[in-house]
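Grab a pencil and work through these short exercises with the model open beside you. Each one gives a task, then a solution in steps.

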Amino acid sequence: MLEKDVVKKKIKNDGKADTESKIAIKKDAIQHSNESIQPYEDEQKSLQEKLKKLNEKEQDLVMKLKNTC
């Protein structure tokens with residue numbers, strides 16, 4: 001193999017390693033973001049359940065009021 005070809009191959013391999021490193025860093029950042037978002041998603045889910053229960057209670061009260069009139 002010529003020296004020129006060896007240099008090209010090394011540059012290509014270095015570029016591939018650099019790209020793989022960047023991908024790994026971005027995957028890690030995404031994972032960290034997802035972990036920091038999770039508590040908020042859990043809280044949102046909990047609040048949606050509470051709202052659903054309150055809406056059901058409201059419907060029950062409306063029905064009871066209608067029945068008493």
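A cut-off to keep at hand: buried means under 20% relative accessible area, exposed means over 50%, and partly exposed is anything in between. One caution before you start: this is a predicted model.

**Exercise 1. Decide whether L61 is buried or exposed, and say where L61 sits.**

Step 1: Find the element. L61 belongs to helix 1, which covers residues 3-68.
Step 2: Read off the accessibility. L61 has a relative accessible area of 53%.
Step 3: Apply the cut-off. Exposed means over 50%, so L61 counts as exposed.
Step 4: Take a distance. K8 is 53 residues away from L61 along the chain, and their C-alpha atoms are separated by 77 Å.

**Exercise 2. Do the same for N67: buried or exposed?**

Step 1: N67 is also a helix 1 residue.
Step 2: Its relative accessibility is 64%, so N67 is exposed.
Step 3: From N67 to S33, which are 34 residues apart in the chain, the C-alpha separation is 51 Å.

**Exercise 3. Work out how many salt bridges the whole structure has, and which residues form a salt bridge.**

Step 1: Recall the general idea. Side chains of opposite charge can pair when their charged atoms come close.
Step 2: Search everything. The whole structure yields one salt bridge.
Step 3: Name the partners. K22 pairs with D18, with the closest N and O atoms 3.5 Å apart.
Step 4: Place them. Both K22 and D18 are in helix 1, four residues apart, or about one turn of the helix.
Step 5: Check the exposure. K22 is partly exposed at 49% relative accessible area, and D18 is partly exposed too, at 40%.

**Exercise 4. Compare the span of helix 1 with what you'd expect, then locate its kink.**

Step 1: Helix 1 has 66 residues, and at 1.5 Å a residue the expected reach is 98 Å.
Step 2: From first C-alpha to last, helix 1 reaches 96 Å, close to that expectation.
Step 3: Look along the helix for a bend. A kink of about 30° falls at I37, shortly before the proline P39.

**Exercise 5. Describe the overall shape of the protein chain.**

Step 1: Count the elements. The chain has one helix and zero strands.
Step 2: Box it in. Along the principal axes, the C-alpha atoms fill roughly 95 × 15 × 10 Å.
Step 3: Test it against a globule. A compact globule of 69 residues would have a radius of gyration near 11 Å, whereas this chain has 29 Å.
Step 4: Look for buried residues. They make up 0% of the 69 residues.
Step 5: Finish with the surface. The accessible surface is about 7,000 Å², with 58% belonging to carbon and sulfur atoms.

Methods:
Residues are numbered from 1 along each chain as its sequence is written. This is a predicted model: local features need pLDDT of at least 70, side-chain atom pairs count only at pLDDT 80 or more; totals for chains, interfaces and linings use all residues. Side-chain values use heavy atoms; hydrogens and water are left out. Helices (H or I, at least four residues) and strands (E, at least two) are DSSP runs, numbered from the N terminus. Buried means under 20% relative accessible area, exposed over 50%, partly exposed in between (1.4 Å probe, protein chains only). A salt bridge is a side-chain nitrogen of Lys or Arg within 4 Å of a carboxyl oxygen of Asp or Glu. The expected span of a helix is 1.5 Å times one less than its number of residues. The bend at a residue is the angle between axes fitted to the seven residues ending there and the seven starting there. The radius of gyration is taken over C-alpha atoms; the globule rule is 2.2 Å times the number of residues to the power 0.38. Accessible areas come from the Shrake-Rupley method with a 1.4 Å probe; for residues, only the protein chains shown count as cover.
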